[in-house]
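Biologist: I would like a close look at a single part of this protein, with its surroundings explained as you go. Could you pick a residue, start there, and then walk me outward to the rest of the fold?

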Amino acid sequence: MKTKSQVSKNVTTNNPDEKRQGMKVRTVVTGHDAKGRAVFVRDEQVDGTPIPGLGELAFLWNADEPATYPNVGNNPAAPGIFPPVGGIRYIIGTYLPGVIAPEPTPEMHLEDGDEPGGANDGFHRTDTTDFGVLLSGNMALELDDGAEVVLSPGDVLIENGTRHRWRVVGDVPATLASFIIGARRR
């Protein structure tokens, strides 16, 4: 199943007409039949979508509300990378070497200099809790005070709505699986 959901004004996810860089993620989904029994509803390859300034993302599950069960196992395919409070996104991304500077979206909070080409290009904060597992390559996460940590395959990061930026360490792409939950900022 190909879903078409808007990420930002000029990026569309899982659009079969987009030029692919090659990411394909096998995704197996369960649901419930009419009698409430567990069934496999999909076993498919989800294509990655090239995202300028990032690399390539495979949008695996996008919901803006909590799930209710039983259900047939359809992906709600909610739009955007960053979910609202109570929403979720499950994404696998392959990121290119260097600083990862995503195109700003309305959900990203930027400070002076965080804009593309600015002194702090790539810094941003979102109203989300992000759970990431690095699958391959090496990535550095830098916080707004200059503190930095380098992650290696198998490392887990829990990012709690802080101002940060990513960069791939080395000359090979890095792949990160991320589960993003919408949060409320006070």
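Modeller: Happy to, and please keep in mind that this is a predicted model. Let us start with Phe 179, which is partly exposed because its relative accessible area is 32%, between the limits for buried (under 20%) and exposed (over 50%). Phe 179 is found in strand S14, which covers residues 174–182.

Now look at what surrounds this side chain. Setting aside residues up to four places away in sequence, Phe 179 touches Ile 88, Arg 89 and Tyr 90, together with Thr 129, Asp 130 and Phe 131. One of these partners deserves a second glance: Phe 131 is 48 residues from Phe 179 in sequence, yet the two C-alpha atoms are 5.1 Å apart in space.

Phe 179 and Phe 131 also belong to a nonpolar surface patch of about 580 Å². The other members are Tyr 90, Val 133, Leu 135, Val 156 and Ile 158. Two elements give two or more residues to this patch, namely strand S9 (128–136) and strand S12 (156–160). The largest share comes from S9, which supplies three residues. As for how side chains are placed along such elements, those of a regular strand alternate between the two faces of the sheet.

From S12 we can step along the chain to a residue in another setting. Arg 163 sits in the loop between S12 and strand S13 (164–169). In contrast to the partly exposed Phe 179, Arg 163 is buried, since its relative accessible area is 8%. If you leave out its neighbours within four places in sequence, Arg 163 is in contact with Glu 111, Asp 114, Asn 120, Phe 123, His 124, Arg 125, Glu 142, Leu 143 and Asp 144. Several charged residues stand in that list, among them Glu 111, Asp 114 and Arg 125. Side chains of opposite charge can pair when their charged atoms come close. Here, Glu 111, Asp 114, Arg 125 and Arg 163 are linked in a network of salt bridges. Within this group, the side chains of Arg 163 and Asp 114 are joined by a polar contact of 2.6 Å.

Two of the contacts of Arg 163, Glu 142 and Leu 143, bring us to strand S10, which spans residues 138–143. S10 runs antiparallel to strand S11 (residues 148–151), and four bridges join the two. If you want one pair to find on screen, take Met 139, whose bridge partner in S11 is Leu 151. Together S10 and S11 form a hairpin with four residues between them. In the turn, Gly 146 has a positive phi of about 95°.

Let us go back to the charged pairs and look elsewhere in the chain. A search of the whole structure finds eleven salt bridges. In one of them, Asp 47 pairs with Lys 24, and the closest N and O atoms are 2.5 Å apart. Asp 47 lies in strand S4 (residues 38–47) and Lys 24 in strand S3 (residues 24–32), so this pair ties together parts that are 23 residues apart in sequence. The two partners have contrasting surroundings: Asp 47 counts as buried because its relative accessibility is 10%, whereas Lys 24 is exposed, with a relative accessible area of 52%.

Another salt bridge joins Arg 37 and Asp 33, with 3.2 Å between the closest N and O atoms. Arg 37 is partly exposed at a relative accessible area of 48%, and Asp 33 is partly exposed as well, at 26%. A further salt bridge is formed by the side chains of Glu 44 and Arg 42, at 3.4 Å from N to O. Both Glu 44 and Arg 42 are buried.

Finally, step back to see the whole protein. The secondary structure comes to zero helices and 14 strands. Buried residues make up 44% of the 186 residues. Among contacts between residues at least 6 apart in sequence, 60% join residues at least 24 apart, and the contact of Phe 179 with Phe 131 spans 48 residues. The accessible surface comes to about 9900 Å², with 55% of it belonging to carbon and sulfur atoms.

Notes: Residues are numbered from 1 along each chain as its sequence is written. This is a predicted model: local features need pLDDT of at least 70, side-chain atom pairs count only at pLDDT 80 or more; totals for chains, interfaces and linings use all residues. Side-chain values use heavy atoms; hydrogens and water are left out. Patches are made of residues with over 30% relative accessible area and no salt bridge: like charges are joined within 9 Å, nonpolar side chains (Val, Leu, Ile, Met, Phe, Trp, Tyr) within 5 Å. Accessible areas come from the Shrake-Rupley method with a 1.4 Å probe; for residues, only the protein chains shown count as cover. A salt bridge is a side-chain nitrogen of Lys or Arg within 4 Å of a carboxyl oxygen of Asp or Glu. Buried means under 20% relative accessible area, exposed over 50%, partly exposed in between (1.4 Å probe, protein chains only). A polar contact is a pair of N or O atoms within 3.5 Å; within protein, one must be able to donate a hydrogen and the other to accept it, and residues adjacent in sequence count only if both atoms are side-chain atoms. Contact means heavy atoms within 4.5 Å. Two strands pair if DSSP finds at least two bridges between them.
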